[in-house]
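Hi,

Here is the structure I said I would pass on. Have a look at it first, and then read my notes below.

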Amino acid sequence: MTTLRLILGDQLNAAHPWFRDKRDDVLYVMAELRQEGSYVRHHAQKLIGFLAAMRAFAAALQQAGHRLHYVRITEPDAALDFVALLQKLARHHRATALAFQLPDEWRLDRQLDGLEAATGLPVTVHDSQHFYTTREDVGAFFGQKQWRMEWFYREMRRRHGILLEADGEPVGGQWNFDADNREKWKGDPPAPVFPQRSRDLREVWADIQAAGLPYFGNPRAGAFPWPVTRSEARADLRDFIEQRLPYFGRYQDAMSSASPMLFHARLSFALNTKMLSPREVVDAALVARRSDPARYPLAAVEGFVRQILGWREYIRGVYWARMPGYAQENFFEAKAPLPDFFWTGNTDMACLRHAITQSLEWAYAHHIQRLMVTGNYALLAGLDPDAVDAWYLGIYIDALEWVELPNTRGMALCADGGFVGSKPYAAGGAYLKRMGDYCKDCRYDPAAKGENACPLTGLYWDFMRRHPEKLKRFPRLWPVLKNARARPPSLPPAADA
């Protein structure tokens, strides 16, 4: 009697109930399949990070005494999909049952849905035991009402007793301190250094190259900067809590060429592979606040909790409630191809040059760079959402479709017509100057007209003129639309966007 239990590459949760007991009748299966390395062109660090983390997890399972069948990317079986692989292994091991944890991506959920029919064996599906919510919780909470993250976030705070007074009211008298999270960083406190490691993953990188997987970006395989074990992920969590959380709230929307992360957590890869759980991350921030309220302001801790307990869970709920149709949403009928500089960073626009070059170097950009630099440009320029999705899904080490798609197609591009965001997050050059330091090294000037005028400002007003009827559904944009109508198209774009 043998049960094959499949572990996907983003299910590296050592605390899962599966692993509490060692069982001779269970064989775990992990596989570095080519389908996972090639459904989009991935950043080299993303490929290395996932494979290295999977191999480290597999080694820990075997060291703990669990039975495991592991397929490396260079082996012939890596060319199979998960159903074909499990069919083959079930025959070889004379398996009597199969099991897997719920995938977080629609394409894998659909693929594994056919497992029982393909093998003729009973299949048991288990929860991944990672999120605060189930796939269906967010949809059930909203029903037919208008969806807004803030309402869901408040319910999650109440449900889990987080940052509440004894009477159930929010600590500090308000639920959301977002208004306190918008300061421009001016150099004090000093910019934190991007964490470095000496882990040598050139063997993993050699396997990726030998397998012929498509890639781009700097691999940094000789001194890989991302965690690939739970102990490394926990070290990164401690580093964030000690060094950056005190300033996270104030500078959450700030951008600077002096630091690729400023005071952001940089924990999303560890979270999305489940090396860290959202509960332990939130708990760490709450413990810090209780231990030293003066050092850890409420606005900083609440802002961070909101990202994990609120936004991350909400975005996952949107994904499962709206798929598969969500992946075809294109409210503004955008069709323009992705410019070549998205792959090279070679552009005179300093904000885009910095954000894209940084992404190519580190497979990372913090959320405001993704939303208000690359995402903002993609929205204003009318780039094809399919091409933008593929770029975001490939370039960032933390990008899995469940989190990437609603953030990109919904929040950044407003391709869903405003389901995720209350309005398009469109901005001209003045916003970038107000929240960052990119403009000081740019040939363009948000305050200039004519040849040196910021292209983003011109694109902003052009966007408003192109879509007046569609944008009428967003009341917050009515004054802007009126202003756009009053501007002759031949007039040089003003820098007051």
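Let's start with Leu-262, which counts as buried at 0% relative accessibility (buried means under 20% relative accessible area, exposed over 50% and partly exposed in between, with a 1.4 Å probe and protein chains only). Its phi is near 50 degrees, a positive value in a residue other than glycine. You'll find Leu-262 in the loop between helix 10 and helix 11. Helices here are DSSP runs of H or I with at least four residues, strands are runs of E with at least two, and both are numbered from the N terminus.

Before going further, a word on what you're looking at. This is a predicted model, so to speak of local features I need pLDDT of at least 70, and side-chain atom pairs count only at pLDDT 80 or more, while totals for chains, interfaces and linings use all residues. Residues are numbered from 1 along each chain as its sequence is written, and side-chain values use heavy atoms, leaving out hydrogens and water.

Ala-363 makes a good partner to Leu-262. Ala-363 also isn't a glycine, yet has a positive phi of about 55 degrees. It sits in the loop between helix 15 (350-362) and helix 16 (367-380), and is buried with a relative accessible area of 0%.

Back in the loop between helix 10 and helix 11, you'll also come across Arg-250. Arg-250 counts as partly exposed, at 35% relative accessibility. What does Arg-250 touch, leaving aside residues up to four places away in sequence? Asp-180, Asn-181, Arg-182 and Glu-183, where a contact means heavy atoms within 4.5 Å. Asn-181 is 69 residues from Arg-250 along the chain, but their C-alpha atoms are separated by 4.4 Å.

Pro-76 tells another story. It is exposed, with a relative accessible area of 71%, and belongs to the loop between strand 4 (68-71) and helix 3 (82-93). From Pro-76 to Ala-191 is 115 residues along the chain, and the C-alpha atoms of the two are separated by 47 Å.

Two other prolines follow cis peptide bonds. One bond runs from Asp-188 to Pro-189, with omega near 5 degrees; Pro-189 lies in the loop between helix 7 (149-160) and helix 8 (202-211). The other runs from Met-323 to Pro-324, again with omega near 5 degrees, and Pro-324 lies in the loop between helix 13 and helix 14 (341-344).

Helix 9 (residues 230-243) is worth a click too. At 1.5 Å a residue, its 14 residues should span 20 Å, and the end C-alpha atoms are 20 Å apart, which agrees (the expected span is 1.5 Å times one less than the number of residues). Its buried residues include Glu-232, Asp-236 and Phe-240. The buried residues of helix 9 pack against helix 10 (245-248), helix 11 (268-272), helix 12 (278-291) and helix 13 (298-322).

Now zoom out. The protein chain has 22 helices and seven strands. Its radius of gyration is 23 Å, close to the 23 Å that the globule rule gives for 497 residues, so the chain is as compact as a globular protein of that length (the radius is taken over C-alpha atoms, and the rule is 2.2 Å times the number of residues to the power 0.38). The C-alpha trace spans about 75 × 55 × 50 Å along its principal axes. Buried residues make up 58% of the 497.

Enjoy exploring!
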